[in-house]
Amino acid sequence: MGVVMVDVNAVTKDYRMGKIMVPALRGINLTIASGEMVAIMGPSGSGKSTLMNILGCLDRPTAGTYKLHKEEVSEKSDSQLAEIRNRKVGFIFQSFNLLEQLTALENVELPLIYRGLGAGSRRDRAKSALVRLGLEDRLHHRPQELSGGQQQRVAIARAVAAQPELVLADEPTGALDSRSGEEILAVFQELHAQGITVIVVTHDPNVARHCQRIVRLADGVVIADDLVRPEDYLVAQEVLTTLPALPEGGVKA
Amino acid sequence: MTLILSMKLAWRSILGNKVRSILTMLGVIIGVASVIALVSVGQGARLEIQQHLQSLGSNVIEVYSQGWEVRFTPELLGSLKERVDGIKHIMPVLNLGGNIKWRNTTFDSQIQGVGEDFIAIRDLKLAGGRGFTEDDISERHRVMVVGSIVADKLFQGVNPVGQEVYYHNQRFTVVGVLKAKISGNQEWGIDRTVYIPYTAAQRLLGSSNRIDTINIKAEGIQESAQVAVQLKRVFYKIYRRPDAVHIMSRDDILKQVAEMNLVMTLMLGAIAGISLVVGGIGIMNIMLVSVTERTREIGIRKAVGAKNSQILGQFLIEAVILSAAGGIIGILLGSGASLVIRHFGPPTAVTPTSIAYSFAFALLVGAISGVWPAAKAAKMQPTDALR
């Protein structure tokens, strides 16, 4: 195994529900190497979203340690966590989570704004990220003027424009039709090919088959951690050729 | 970088919600506008009164009788001039009211019965004709000197000197016209006054011919204070009580008016200030709602790396920008209202001070009312905000 990107050690997470504490994670051990593409699967309530929040430094574990690229994050301040999210992690959500009042370009600029980048280089980087995702003619559209697939690609552009070490996707295809979803997975596989660590949280086995490795959670513990067998592995570009082409690239009316 | 950027982000979110932003600003707009308008009324009143008082003449002391037995006779006036040092001129004053009539025009005027020195005492200047002579006073001549506004309004272009005017059914001859002392139109005051010899006024009044006011002009400012002190002593000797007369110098009146006006301005300002505070509560209310409504936005911003301080800054600056914009609109509206008020009613004066204070207060209100909502937004947990 090469450089360790994610090193989760005996992590637990309890949530307070009124007066009682509800455990969401009960001792997770997980190591992901730099450059891996991993699916985290599990039924709802298995703790996969909680794990993703901790991996993405949106939340801290109740106990245990989490090292992101050798950096211990369990005891960082809010401000330091924000810094890590800003520089090292790119999030992609099921519901895209773009800011409605901003254009595609401005949305992609957002993390670079918080990083304190100058306007010029910010704009250049955001633009090239959007071009890379095939959105060169959608730079000044607002999210509601874009299809679901396009919105998700803007979200991916926002994540990769920040040049993160780790891309975390939470049900990234959940709100998309199968073709758009497959296109998004193709982008992830491309990122993976470029050496970026990609973690996809999903309950969809077909999505998971686009990854090299599947980690299964149930009731807050890891119950299985297997490599995807070569005969099960799906290459998104190949799958796309089997899908019927939508008129005009699947743009929603 | 954070400040300019936060301002940009705040400005965008204000523009993104135009109707809500305007409704939020409304409280501050009304608050600032009412501060400007109300205080301008108070300031206008003060300036007008000051102008009028200044026009009354410098180093003038007024003596009013207090009590029926306190009478000012010509003999007393003569002896006062002998007994008190520093008196330059002294004259009795009788205030009368009513209309004067020329041909078929009447004019509501202030009529004063005065002595021959009234032009010197009041620092007046003749535009034409003459003042009163010793004869006019002693012989009770029915002659009249009119103020500039009276000359314009009543005689409408005809030279008043030599014209005959009726007052209380008595025929008076205009012998002099005064130059204007104050520019602009006035509801009352020196340029609307008509002067007649006090002896003639006494005759008009018949039995109630007592003189209850004296005007004294001192030699100078220093003498003016000494004269007031000496007068008090003289009248105490005569009447054996300290409050037989009320002695007031123009400076006293100015001081009193200033005090009264300060109280009035403060009161109006306080009333308007309360509405500004209410406006601030409006901002706080809407900002709190807006924080809840924008939970998701806050979550997204935090997910891509916004620090708590950056979120705090954004919301705080949003509140300040809202109140600043409201303040500017309020200043414009308030100044406009003050112009409208001046057009229809009392004089008004918008001062830079009231603009500066109300704007600063609006900013302060915005910042204070933004603190709580901004802190609430900053403290939000990203996982809660994204749920």
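Which residue in β10(B) is the bridge partner of B:Val145? I looked it up, and the partner is B:Tyr195.

Before going on, a note to self: this is a predicted model, where local features need pLDDT of at least 70, side-chain atom pairs count only at pLDDT 80 or more, and totals for chains, interfaces and linings use all residues. Residues are numbered from 1 along each chain as its sequence is written, and chains are lettered from A and ligands numbered from 1 in the order in which they are written.

**Strand β7 of chain B**

I started with β7(B), residues 143-146 (strands, E, at least two residues, and helices, H or I, at least four, are DSSP runs numbered from the N terminus). β7(B) pairs with β10(B), residues 193-197, in the antiparallel sense over two bridges (to pair, two strands need at least two DSSP bridges between them). With β9(B), residues 170-178, the pairing of β7(B) is parallel and runs over four bridges. There I found B:Thr173 as the bridge partner of B:Val143.

Next I checked the faces of β7(B): B:Val143 and B:Val145 on one side are buried, and so are B:Met144 and B:Val146 on the other. Buried here takes 20 or more other C-beta atoms within 10 Å of the residue's own, with 12 or fewer for exposed, partly exposed in between, and C-beta atoms placed from the backbone. I kept in mind that side chains in a regular strand alternate between the two faces of the sheet.

**Sheet in chain A**

I traced an open sheet of four strands, ordered β2-β1-β4-β5 in chain A, with antiparallel pairing. Its edge strands are β2 (20-33) and β5 (71-72), each pairing on one side only. β1(A), residues 4-17, and β2(A) share eleven bridges, and A:Val6 has A:Ile32 as its bridge partner in β2(A).

**Cores**

I then pulled up the largest nonpolar core, which has 122 residues, with A:Ala157 and A:Ile199 making the most contacts inside it. A core is a set of buried Ala, Val, Leu, Ile, Met, Phe, Trp, Tyr and Cys residues joined through C-beta atoms within 7 Å. Helix α2 of chain B, residues 18-55, gives the most to this core, with twelve residues. A second, separate core has 53 residues, including B:Leu80 and B:Tyr167.

**Where A meets B**

Last, I counted the contacts: 20 residues of chain A are in contact with 17 of chain B (C-beta atoms, placed from the backbone, within 7 Å). α2(A) gives the most to chain A's side, with six residues.

Notes
Contact = placed C-beta atoms within 7 Å.
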